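Biologist: I would like a close look at a single part of this protein. Please take one loop and its surroundings, and work outward from there.

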Amino acid sequence: MKMMDIVEVITEKETYAKEGVHKGMQGWICLDDNSFGTWLVNFPQYGEKDDIAEISIKEEDLKLIPKMDARVNERIKAQFEEMEVEALATIIKRYQAQDTWKTDLVFSKEAFDLLQDILLD
C-alpha cells in the first residue's frame with residue numbers, strides 16, 4: 001500500500017467505531033509511509049460534507065479497491081447514527097466472541113429463511 005491508494009475497511013473494531021468508521025467504509029491513504037503497521041486513512045463523505053474521520057487503521061484491516069464511492073460511507077454511517085458508541089462496542093464484542101460476525105455482505109436464501117423462521121417463532 002502507498003499514499004493515495006483507495007482502501008476499504010474489512011474488519012469492524014471498537015476503536016474504529018468510536019471514530020465513526022465501520023466495516024465496508026472506503027477511504028484513501030494520506031501519508032507515504034505506515035507507522036507500526038498502520039496507515040493514516042481519510043474517510044470522506046459525498047460532496048461538500050465534512051469528512052467522517054481521519055484515523056490510523058491497521059494494514060491487516062484494509063484491502064485495496066480500484067475506486068472509491070463516498071456515498072457508501074454515508075449509507076454505512078446512517079446505520080449507526082442513533083446508536084451510542086458504548087452500545088455499539090458491546091454488540092461488536094458479542095458478535096466477535098460468538099464468531100457470528102459476517103465476513104461479507106452476502107445474504108443467502110438459506111440464511112434469510114432461517115432468519116424468518118426465528119422471527120416467526
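What follows is an account of the loop between E3 and E4, set in its wider context.

Modeller: This is a predicted model. Start with the frame around the loop. The protein chain holds 4 helices and 5 strands. From the N terminus on, their order is β-α-β-β-β-β-α-α-α. The C-alpha trace spans about 55 × 30 × 30 Å along its principal axes. Of the 121 residues, 32% are buried. Contacts between residues 24 or more positions apart make up 54% of those with a separation of 6 or more.

Now the loop itself. Proline 44 sits between E3 and E4. Glutamine 45 lies in that loop too. Are they buried or exposed? Proline 44 has a relative accessibility of 13%, so it counts as buried. Glutamine 45 is also at 13%, and therefore counts as buried. The cut-off for that label is under 20%.

Take proline 44 and its contacts, leaving out residues up to four places away in sequence. Proline 44 touches Gln26, Gly27 and Trp28, among others. Its list also includes Asp51 and Ile52. Met68, Ala70 and Asn73 are in contact with proline 44 as well. Aspartate 69 gives a distance for scale: its C-alpha is 9.3 Å from that of proline 44, with the two positions 25 residues apart in sequence numbering.

Next, glutamine 45. A polar atom of its side chain lies 2.7 Å from the backbone oxygen of aspartate 50. With residues up to four places away left out, glutamine 45 touches Asp50, Asp51 and Ile52. It also touches Ala70, Glu74 and Lys77. Ala70 thus appears in the contacts of both loop residues.

That leads to helix H2, residues 70-78. Its buried residues are Ala70, Val72, Asn73, Glu74 and Ile76. They pack against strand E2 (26-29) and E3. An α-helix has 3.6 residues a turn, so residues three or four places apart point the same way. Among the buried residues of H2, Ala70, Asn73 and Glu74 are also contacts of the loop: proline 44 touches Ala70 and Asn73, and glutamine 45 touches Ala70 and Glu74.

The strands on either side of the loop feed the core. The largest nonpolar core has 16 residues. Those with the most contacts inside it are Val21, Val41, Phe43, Ile55, Ile57 and Leu62. Strand E1 (6-9), strand E3 (38-43), strand E4 (53-58) and helix H2 each supply at least two core residues. Valine 21 shows how the parts meet. Beyond its neighbours within four places in sequence, valine 21 is in contact with Phe43, Ala53 and Ile55. Val9, Glu12 and Tyr16 complete its list.

Strand E2 also links the loop to the N-terminal segment. Aspartate 5 is placed before E1. At 13% relative accessibility, aspartate 5 counts as buried. Outside its sequence neighbours up to four places away, aspartate 5 touches Gly27, Trp28, Ile29 and Leu64. Gly27 and Trp28 are also touched by proline 44.

Two residues make a contrast in exposure. Methionine 4 is in the segment before E1. It has a positive phi of about 80°, although it is not a glycine. Its relative accessible area is 53%, so methionine 4 is exposed. Phenylalanine 36 lies in the loop between E2 and E3. Its phi is positive too, about 55°, and it is not a glycine either. Phenylalanine 36 is exposed, with a relative accessible area of 84%.

Methods. Residues are numbered from 1 along each chain as its sequence is written. This is a predicted model: local features need pLDDT of at least 70, side-chain atom pairs count only at pLDDT 80 or more; totals for chains, interfaces and linings use all residues. Side-chain values use heavy atoms; hydrogens and water are left out. Buried means under 20% relative accessible area, exposed over 50%, partly exposed in between (1.4 Å probe, protein chains only). Contact means heavy atoms within 4.5 Å. A nonpolar core is a set of buried Ala, Val, Leu, Ile, Met, Phe, Trp, Tyr and Cys residues joined through side-chain atoms within 4.5 Å. A polar contact is a pair of N or O atoms within 3.5 Å; within protein, one must be able to donate a hydrogen and the other to accept it, and residues adjacent in sequence count only if both atoms are side-chain atoms.
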